[in-house]
Amino acid sequence: MSESMTGPDDGSRTEPGGDGGAVGAEPFGTEAYDPAAPAPLHVPRTPTGDDGVDALLDRLGDADHLATDGHVEVYEDVHRGLRDTLTALDARPGPPAPPGSTDHSNSNRS
């Protein structure tokens, strides 16, 4: 007989190199590697000096703790916030244009 037997001959046998019969058991003290598990990317985020933009960029760190299918919600939220911030910049009145700089008529005609 080539199989090893453990204990008294009670009919239980252990496969060579097996785990004692427990299907899917992990050795004590080890964790299974899950390639789909969330993992931080550790991408550095340099502060911009604008508190609102910096808060949105910090929000990208939330994706580090989510499964891949949760990233889209974070990215869309950040994109929406950045777009709104840029839109607000366009809506603010800027300094007045110098006189005559917007006059495109051809006043040099004789």
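Me: What share of the chain's 110 residues counts as buried, and what makes a residue buried here?
Reply: 10% of the 110 residues do. Buried means under 20% relative accessible area, with over 50% called exposed and partly exposed in between (1.4 Å probe, protein chains only). By the way, this is a predicted model: local features need pLDDT of at least 70, side-chain atom pairs count only at pLDDT 80 or more, and totals for chains, interfaces and linings use all residues. Residues are numbered from 1 along each chain as its sequence is written, and side-chain values use heavy atoms, leaving out hydrogens and water.

Me: Which residues of α2 are buried?
Reply: Gly70, His71, Val74, Val78 and Gly81. The buried residues of α2 pack against α1 (51–59), where contact means heavy atoms within 4.5 Å.

Me: Why is α2 called a helix, and how many helices and strands are there?
Reply: Helices are DSSP runs (H or I, at least four residues), strands are E runs of at least two, and numbering goes from the N terminus. Helix α2 (residues 68–91) has 24 residues, so it meets that minimum. The chain has two helices and zero strands.

Me: What span is expected for α2, and what does the model give?
Reply: The expected span is 1.5 Å times one less than the number of residues. For α2 that is 34 Å, and the helix reaches 35 Å from its first C-alpha to its last, close to expectation.

Me: How do the lining residues of the largest pocket divide?
Reply: Six are nonpolar, two polar and two charged. Ala, Val, Leu, Ile, Met, Phe, Trp, Tyr, Cys and Pro count as nonpolar, Asp, Glu, Lys and Arg as charged, and the others, Gly among them, as polar.
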